[in-house]
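Grab a pencil and have a look at the model below. Each exercise comes with a worked solution, so try it yourself before reading on.

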Amino acid sequence: MKTSRLTKVITLTAAVLTAVAGCSNGGDSGDASGSTTVNWWTWSPDQAIAYQQCVPAFEKANPDIKVKITNYNVSDYFTKLTSGFVSGDAPDAFMNSVTFLQSYAGQGQLLALDDYLKKDNVDLGKYAIGTEGWKYKDGKQYALPMDWATGALYYNKDLLAKAGYTDKDVAALNWTSGDGGTFWKMIKHLTVDAAGKRGDQAGFNPATVKTYGLGNLESTGDPFGQNAWGWLLPNDGINIPDKSQWATVFNYNDPKVVQSVKLVRTLANDGFTPKLNQFTTANSQQVGSGKVAMVVGGTWEAATYAGLKGTKVGTAPLPAGADGKRALMTNANGNNLWAGSKHPDQTWKWVSYQESEECQTTASKYNASFFPSIAASMKALTDQQTAKGTDFSVFNNYLASGELVPCPVYNNGAALTNAMTPQFEAYFTNKADESIFPKMQDQSRTMLAEGK
């Protein structure tokens, strides 16, 4: 997920987070003209530029409020944010990953929105996804969802046609933890060696692969493969966290989990997908060059694939489970108000406008790299892209069909990521075997309890 999707950043210490929310100056005070400046931060340059398009209309309607949008690189973002909590000059509001809900809310750094929501009679029903994930253990709403993301299949149409497949074939794929389903069969048939032998033909040589059937699926950057193999598991009824919110254990040693992860590693070991870190080029470039026939990628990459020159790229939903149903993990970044802001009322005005259908539609249509959480805004984006010749119907169907499920919310996310990432990497590089899974399960139980 791109924090969305922010799986490789995250090392924050509890000591830094012991700042008291009340000791603040909360951003800029009023200037000489009597206006108040609201500071809003994001790690996404795309969203920084997109939401800037909403500022003129907001400032026209609120002439006493100015909005300053700041974008920091994701590798620095959370360190700067945490430092701001300590020094008392954090932004008035900011985009946040649910990974940090427990830490920030638990330390009193976030302002609950319930009173504002009630006062302004905000209808949370307009958000198709993401609101529940931003409720903390006290039952209060600490953020409104800004966007959503999940996975999709992007494929080289010419390579699939050459292998005898149609767009309908890709859209009808299924996946099971037993043998990989029709998805695994297609991957093997799409793999071609230097002699032209396909992966499901006699004489196929895995040492001389010219085109892999699928790009690398061996994600190691988070506790449950969220941006690659982890997208498949819920479609077959498999959930690593024991609860969707505030899990007490990650069931790594569940036989279906072990079998699923083993299937992914075997796929690479047998030459049907690249090895972990084998390619340094982006997935889109691999599809465009013909090095891979298809990839499991993020919804935020849709515009990139659509814009590839010289390559016809198709988009399909991720494979369904054996029962034909999908349960796609989706992350919704949140819009938090800092509890230490000196201007909470003015900040709420800006955030509530950001979270309106008008602004989400304006922002997403300006930059289609992120999808709005409001269903009507997502429909407007889909219609816009269709008019441009880009098919976003797969993504709108995800939202409309109810196939999206929130990513799990749990304690101690940063520490769990740091602990599990090297163990998954060891497994996928064949330096560890399945004996690590019961150990990881026990470790998760301890760390989840420590984070409370």
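**Exercise 1.** Find how many helices and strands the protein chain has, then work out how its radius of gyration fits the globule rule.

*Solution.* Start with the count: in this predicted model, the protein chain holds 18 helices and 14 strands. Next, take the radius of gyration, which is 23 Å. The globule rule gives 22 Å for 452 residues, and the two values are close, so the chain is as compact as a globular protein of that length. For the extents, the C-alpha trace spans about 80 × 50 × 35 Å along its principal axes.

**Exercise 2.** Describe what is buried in the protein chain and what its surface is made of.

*Solution.* Call a residue buried if its relative accessible area is under 20%. By that cut-off, 56% of the 452 residues are buried. Now turn to the outside: the accessible surface comes to about 17,900 Å², and carbon and sulfur atoms own 49% of it. Finally, add the charges: there are 40 positive and 41 negative side chains, with the centres of the two sets 5 Å apart.

**Exercise 3.** Work out the strand order of the open sheet of 5 strands, and explain why S2 and S4 have one side without a neighbour.

*Solution.* Write down the order first: S2-S1-S3-S12-S4, with mixed pairing. Then check the ends. Strand S2 (65-71) and strand S4 (144-145) each have a single partner strand, so one side of each lacks a neighbour in the sheet. Now zoom in on one pair: S1 (residues 36-42) runs parallel to S3 (residues 93-96), joined over 2 bridges. Here Trp 40 sits opposite Ala 93 in S3.

Methods. Residues are numbered from 1 along each chain as its sequence is written. This is a predicted model: local features need pLDDT of at least 70, side-chain atom pairs count only at pLDDT 80 or more; totals for chains, interfaces and linings use all residues. Side-chain values use heavy atoms; hydrogens and water are left out. Helices (H or I, at least four residues) and strands (E, at least two) are DSSP runs, numbered from the N terminus. The radius of gyration is taken over C-alpha atoms; the globule rule is 2.2 Å times the number of residues to the power 0.38. Buried means under 20% relative accessible area, exposed over 50%, partly exposed in between (1.4 Å probe, protein chains only). Accessible areas come from the Shrake-Rupley method with a 1.4 Å probe; for residues, only the protein chains shown count as cover. Lys and Arg count as positive and Asp and Glu as negative; His and the chain ends are not counted. The place of a charge is taken as NZ of Lys, CZ of Arg, CG of Asp or CD of Glu. Two strands pair if DSSP finds at least two bridges between them.
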